[in-house]
Amino acid sequence: MAVFARKSTFAAVAVAILGFTGGNAYAATCGNTSAGFENWKQEFGREAAGRGISNRALSALAGTKYASKTISADRNQHSFKLSLNQFMQKRGAKTIASKGKALKKQNAKLFASIEQRYGVPAGPLIAIWGMETGFGGFMGNQNTLSAVATLAYDCRRSAFFTEQLYAALKLVENGTISANTIGAAHGEIGQTQFLPANVLKYGADGDGNGRIDMIKSRADALASTANFLRGHGWRAGAGYQPGQANFGALQGWNAASVYQQAIAIIGAEIDGN
């Protein structure tokens with residue numbers, strides 16, 4: 001889930017933050033260099049403690065470090081400026097479709113169960129899975145809490161990532177992630193790269209073991225992705241190509257037109273449509 005292409009209005013983000021923070025979202029002062037990060041972290045920690053965040057989560061926050069690689073990645077994003085053909089080639093669309101067909105057969109019971117529960121067929125789920133992490137092959141190499149805390153501190157999108165940081169702390173509290181969880185540069189988690197707030201809202205126990213593990217459990221990651229799409233208007237049995245009923249749900253996954261079209265094209269090939 002490419003965070004810079006996420007569809008979120010400022011108003012929606014502000015409302016979400018106020019829900020977490022009780023109406024005073026910006027007491028901790030943002031900054032654009034590493035110099036103020038430690039002071040900001042102390043300020044934010046006091047605010048979080050005052051709003052009921054547990055000592056366990058606060059301890060994890062205290063251990064975060066300024067993520068310079070995250071800032072570099074945030075400042076150098078170019079893939080979504082490509083044409084559709086260029087984007088498909090760069091993302092290895094043919095390989096994803098080919099391997100995706102095999103994975104669909106190998107995990108037929110899982111995908112049938114997900115489609116029965118959420119109405120989402122295997123194709124677009126596998127396309128997302130392949131494009132996001134190469135089917136779980138690479139889920140990132142950055143500390144999740146440090147990445148999210150850094151972006152919450154950074155002035156460029158502090159409001160959006162303040163929401164994500166509060167969500168990440170909630171995930172630490174409930175044991176879904178830990179202070180040592182590793183993910184992508186913007187704090188995306190797991191095999192289909194969920195931001196923390198989306199794990200809280202749409203995370204699903206796909207393997208039935210009573211917990212949500214977006215990293216080690218492909219069933220959880222794929223069920224959560226299907227739940228996300230259903231939450232964004234997916235209708236069982238409807239098409240998902242541009243102009244069809246479910247294409248809007250793909251737009252909810254990522255606001256970049258080339259990404260939306262790539263999911264639809266690869267998904268259709270995997271589904272045999």
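Trainee: Of the 273 residues of the protein chain, what percentage count as buried?
Mentor: Good place to start, and keep in mind that this is a predicted model. A residue is called buried when its relative accessible area is under 20%. Of the 273 residues in the protein chain, the share that counts as buried is 52%.

Trainee: How many helices and how many strands does the protein chain have?
Mentor: Both kinds of element are present in the protein chain. Strands number 2, and the helices come to 14.

Trainee: Among contacts between residues at least 6 apart in sequence, what percentage join residues at least 24 apart?
Mentor: Here a contact means heavy atoms within 4.5 Å. Taking the contacts in the protein chain between residues at least 6 apart, the part that joins residues at least 24 apart is 72%.

Trainee: What do carbon and sulfur atoms supply of the area that the protein chain exposes?
Mentor: The protein chain exposes about 11900 Å². Of that area, carbon and sulfur atoms supply 50%.

Trainee: Turning to the rings, which kind of aromatic pair do Phe 37 and Tyr 66 form?
Mentor: Rings pair if their centres lie within 6.5 Å, and planes over 60 degrees apart count as edge-to-face. By this rule there are 15 aromatic pairs. For Phe 37 and Tyr 66, the centres are 5.7 Å apart and the planes stand at 70°, so the pair is edge-to-face.

Trainee: How many residues apart in sequence are the parts that this pair ties together?
Mentor: Phe 37 belongs to helix 2 (residues 37-50), while Tyr 66 sits in the loop between helix 3 (55-62) and helix 4 (68-75). Phe 37 is buried, at 1% relative accessible area, whereas Tyr 66 is partly exposed, at 22%. The pair therefore ties together parts whose separation in sequence is 29 residues.

Trainee: Which residues form one aromatic cluster with Phe 37 and Tyr 66?
Mentor: The cluster holds Phe 37 and Tyr 66 together with four further names. Those are Trp 40, Phe 44, Tyr 153 and Tyr 166.

Trainee: Now the helices: what is the orientation of helix 9 relative to helix 10?
Mentor: Helix 9 (residues 144-153) packs on helix 10 (residues 158-173) with axes 7 Å apart, at an angle of about 150°. Leu 145 and Val 148 are among the helix 9 residues at this meeting, and Phe 161 and Leu 165 are among those from helix 10. The crossing is left-handed. Angles over 145 degrees count as roughly antiparallel, so helix 9 and helix 10 are roughly antiparallel.

Trainee: Is the crossing of helix 6 and helix 8 left-handed or right-handed?
Mentor: The axes of helix 6 (residues 93-106) and helix 8 (residues 122-133) come within 10 Å and cross at roughly 125°, so these helices are oblique to each other. Residues that meet include Ile 96 and Leu 103 in helix 6, and Ile 126 and Trp 129 in helix 8. The crossing of helix 6 and helix 8 is right-handed.

Trainee: Where is Phe 135 found?
Mentor: Phe 135 is worth a look for its positive phi of about 60°, although it is not a glycine. Most residues other than glycine have a negative phi. At 12% relative accessibility, Phe 135 counts as buried. Its place is the loop between helix 8 and strand 1 (142-143).

Trainee: Is Gln 193 buried or exposed?
Mentor: Gln 193 also has a positive phi, near 60°. This residue lies in the loop between strand 2 (182-183) and helix 11 (196-202). With a relative accessible area of 6%, Gln 193 is buried.

Key: Residues numbered from 1 in each chain as written. Predicted model: local features only at pLDDT ≥ 70, side-chain atom pairs only at ≥ 80, totals over all residues. Heavy atoms only, no water. Helix = DSSP H or I, 4+ residues; strand = E, 2+ residues; numbered from the N terminus. Buried < 20%, exposed > 50% of the residue type's maximum accessible area, 1.4 Å probe, protein only. Areas by Shrake-Rupley, 256 points an atom, 1.4 Å probe, with all protein chains shown as cover. Phe/Tyr/Trp six-rings, centres within 6.5 Å; stacked < 30°, edge-to-face > 60°. Axes fitted to C-alpha atoms, helices over the stretch in contact; angles between N-to-C directions. Parallel < 35°, antiparallel > 145°, perpendicular 65-115°, else oblique. Left-handed = near helix turned anticlockwise from the far one by under 90°.
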